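Work through the exercises below with the sequence and the model open beside you. Try each task before you read its solution.

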Amino acid sequence: MHALNPDPQAISASEVQVFFEAFVNAFALFDGHLIAKRYMAPYLSADAKGALRLFSSLGQIGEYFDDIVKGYRDQGCRSCRFTHLSLTAMGQNSALAAVSWELLTEDAQIISCWRESYNLTRTPDGLRIFASIDHAT
């Protein structure tokens with residue numbers, strides 16, 4: 001078996017790093033509709049138990065994330081961070097990215113952590129998520 005040369009136009013690790021840094025900044029505002037701008041409709045979400053949810057509009061995605069960040073805030077979360085970014089390019093305009101998320105209190109104590117994978121696509125407006133899978137912790 002021979003190694004394939006990586007496509008120089010494929011989504012890069014630095015491009016995905018910048019995407020998730022912007023995601024963290026949007027999360028810090030606890031605005032689900034702002035977070036939803038990093039997604040595209042339709043969007044498919046799978047939780048750690050395998051339950052699927054399909055969102056057909058950005059409005060639905062925003063409402064979903066509003067509920068999520070409200071719950072996080074009620075638990076004392078004030079920010080989040082990601083670590084352990086891994087990336088698999090899939091052609092020039094798609095990639096699979098996985099990150100470990102940590103929800104943090106105001107004094108940076110970890111409330112919760114999990115790993116999540118994202119199917120990303122490059123659009124004229126930048127990278128967008130069209131599917132995600134929460135991994136069991």
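**Exercise 1.** Find the largest pocket of this predicted model, and state how many residues line it and which of them lie nearest its centre.

Solution. Begin with the lining of the largest pocket, which is made up of 23 residues, and then look towards the centre, where F65, I68, Y72, W114 and E116 lie nearest. The space in this pocket comes to about 330 Å³. Next, ask which elements take part: α1, β1 (39-46), α3 (58-74), β4 (94-104), β5 (110-123) and β6 (126-134) each supply at least two residues of the lining. The largest share, five residues, comes from α3.

**Exercise 2.** Check the span of α3 against the expected value, and then decide how its buried residues are arranged around the axis.

Solution. First, take the 17 residues of α3, which at 1.5 Å a residue should span 24 Å, and compare this with the end C-alpha atoms, which are 24 Å apart, so the two values agree. Second, list the residues of α3 that are buried, namely I61, G62, Y64, F65, V69 and Y72. Third, look down the axis of α3: these buried residues fall within an arc of 160 degrees, and therefore they line one face of the helix. Finally, turn to the face pointing away from the buried side, where E63, D67, K70 and D74 are exposed.

**Exercise 3.** Repeat the analysis for helix α1 (residues 13-27).

Solution. Helix α1 has 15 residues, and the distance from its first C-alpha to its last is 21 Å, close to the 21 Å expected at 1.5 Å a residue. Its buried residues are V16, F19, F20, F23, V24, A26 and F27. Seen down the axis of α1, the buried residues fall within an arc of 160 degrees, so they line one face of this helix. On the other side of α1, the exposed residues are S14, V18 and N25.

**Exercise 4.** Count the aromatic pairs, and classify the pair formed by Y39 and Y43 and the pair formed by F55 and Y64.

Solution. The structure holds 16 aromatic pairs. For Y39 and Y43, the ring centres are 4.7 Å apart and the planes stand at 70 degrees, so this pair is edge-to-face, the class for planes over 60 degrees apart. Y39 and Y43 are both buried. For F55 and Y64, the centres are 4.6 Å apart and the planes stand at 40 degrees, so this pair is tilted. F55 and Y64 are buried as well. To place these rings in a wider setting, follow the ring pairs from residue to residue: they link F19, F20, F23, Y39, Y43, F55, Y64, F65, F82, W101 and Y118 into a cluster.

**Exercise 5.** Examine the backbone at P42, F30 and A108, and say where each of these residues lies.

Solution. Start from the general expectation that most residues other than glycine have a negative phi, and that most peptide bonds are trans. The peptide bond from A41 to P42 is cis, with omega near 0 degrees, and P42 lies in strand β1. F30, in the loop between α1 and α2 (32-36), has a positive phi near 50 degrees. With a relative accessible area of 13%, F30 is buried, and the charged end of R73 sits over its ring, 4.6 Å from the centre. A108, in the loop between β4 and β5, has a positive phi of about 70 degrees although it is not a glycine. At 42% relative accessibility, A108 counts as partly exposed.

Key
Residues are numbered from 1 along each chain as its sequence is written. This is a predicted model: local features need pLDDT of at least 70, side-chain atom pairs count only at pLDDT 80 or more; totals for chains, interfaces and linings use all residues. Side-chain values use heavy atoms; hydrogens and water are left out. Rings of Phe, Tyr and Trp (its six-membered ring) pair if their centres lie within 6.5 Å; planes under 30 degrees apart count as stacked, over 60 as edge-to-face and the rest as tilted. Buried means under 20% relative accessible area, exposed over 50%, partly exposed in between (1.4 Å probe, protein chains only). A charge sits over a ring if NZ of Lys or CZ of Arg is within 6 Å of the ring centre and within 35 degrees of the ring normal. Helices (H or I, at least four residues) and strands (E, at least two) are DSSP runs, numbered from the N terminus. The expected span of a helix is 1.5 Å times one less than its number of residues. The arc is that of the directions from the helix axis to the C-beta atoms. On a 1 Å grid over the protein atoms alone, a cavity is a set of points where a 1.4 Å probe fits but cannot get out, and a pocket is an open set with protein on both sides within 12 Å along at least five of seven lines; lining residues have an atom within 4 Å of a point. Grid points are joined across faces, edges and corners, and a volume is the space filled by probe spheres set on the points.
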